[in-house]
Amino acid sequence: MRDATQADDVLDTVGLYCPVPIIKTAERIRKMETGRILKVVSDDRVILIDMPAWCRSTGHEYLGHTQQGAEYGLFVRKAGGKGATR
């Protein structure tokens, strides 16, 4: 299995507040292939709650996060088939 920190794509949402990073995540991941990993960079702490919840509700796999200073890097693997609803 590949390391989750090896993202296929990066979405920078620094300076944006939830739910905007979630909306942008949904838009970006919709264009990705199943199994690909998206790293979402954010400085909004609320995303640490919102992203796992969004993943649970849509079927995508939340892989965790890293923190570097005031920025978070959250990793989401795109689900396919019946697993992904959005």
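Which residue in S4 does threonine 66 stand opposite? It's glycine 73. Keep in mind as you look around that this is a predicted model. That pair is a handy way into the sheet, so let's start there.

Strand S3 and strand S4 (residues 71-77) run antiparallel, and seven bridges join them. Zoom out a bit and you'll find four strands in an open sheet, ordered S1-S2-S4-S3, with mixed pairing. At the edges sit strand S1 (9-12) and strand S3 (61-68), each of which pairs on one side only. Neighbouring strands in this sheet are turned against each other by 20 degrees on average, ignoring direction. As a general reminder, the strands of a sheet pair through backbone hydrogen bonds, and they can do that parallel or antiparallel.

Now for the helices. Helix H1 (residues 20-30) packs on the sheet, where it touches S1, strand S2 (37-42) and S4. Its direction makes about 155 degrees with that of S1. Helix H2 (residues 47-58) lies across S2, S3 and S4, and it runs at about 5 degrees to S4.

What lies in the largest nonpolar core? There are 15 residues in it, and the ones touching the most other members are Ile22, Val40, Ile47, Met51, Trp54 and Val76. H1, S2, H2 and S4 each chip in at least two residues, with H2 giving the largest share, four. In soluble globular proteins, nonpolar side chains tend to be buried together.

Take isoleucine 22 from that group. You'll find isoleucine 22 in helix H1, and it counts as buried because its relative accessibility is 11%, with the cut-off set at under 20%. Skipping neighbours within four places in sequence, isoleucine 22 is in contact with Ile47, Asp50, Met51 and Trp54. Its C-alpha atom is separated by 9.2 Å from that of valine 40, and the two residues are 18 apart along the chain.

Valine 40 has its own list of partners. Not counting residues up to four places away in sequence, valine 40 touches Leu11, Thr13, Thr25, Ile47, Met51, Tyr72, Gly73 and Leu74. Glycine 73 should look familiar: this is the residue that threonine 66 stands opposite.

One last stop is threonine 58, found in helix H2. Is threonine 58 buried or exposed? At 1% relative accessibility, threonine 58 counts as buried. Its side chain reaches the backbone oxygen of tryptophan 54 at 2.8 Å. Tryptophan 54 itself is one of the core residues that touch the most other members, and it is also among the contacts of isoleucine 22.

Notes:
Residues numbered from 1 in each chain as written. Predicted model: local features only at pLDDT ≥ 70, side-chain atom pairs only at ≥ 80, totals over all residues. Heavy atoms only, no water. Pairing = 2+ DSSP bridges. Axes fitted to C-alpha atoms, helices over the stretch in contact; angles between N-to-C directions. Contact = heavy atoms within 4.5 Å. Buried < 20%, exposed > 50% of the residue type's maximum accessible area, 1.4 Å probe, protein only. Core = buried A, V, L, I, M, F, W, Y, C linked by side-chain atoms within 4.5 Å. Polar contact = N/O pair within 3.5 Å; in protein donor to acceptor, adjacent residues only side chain to side chain.
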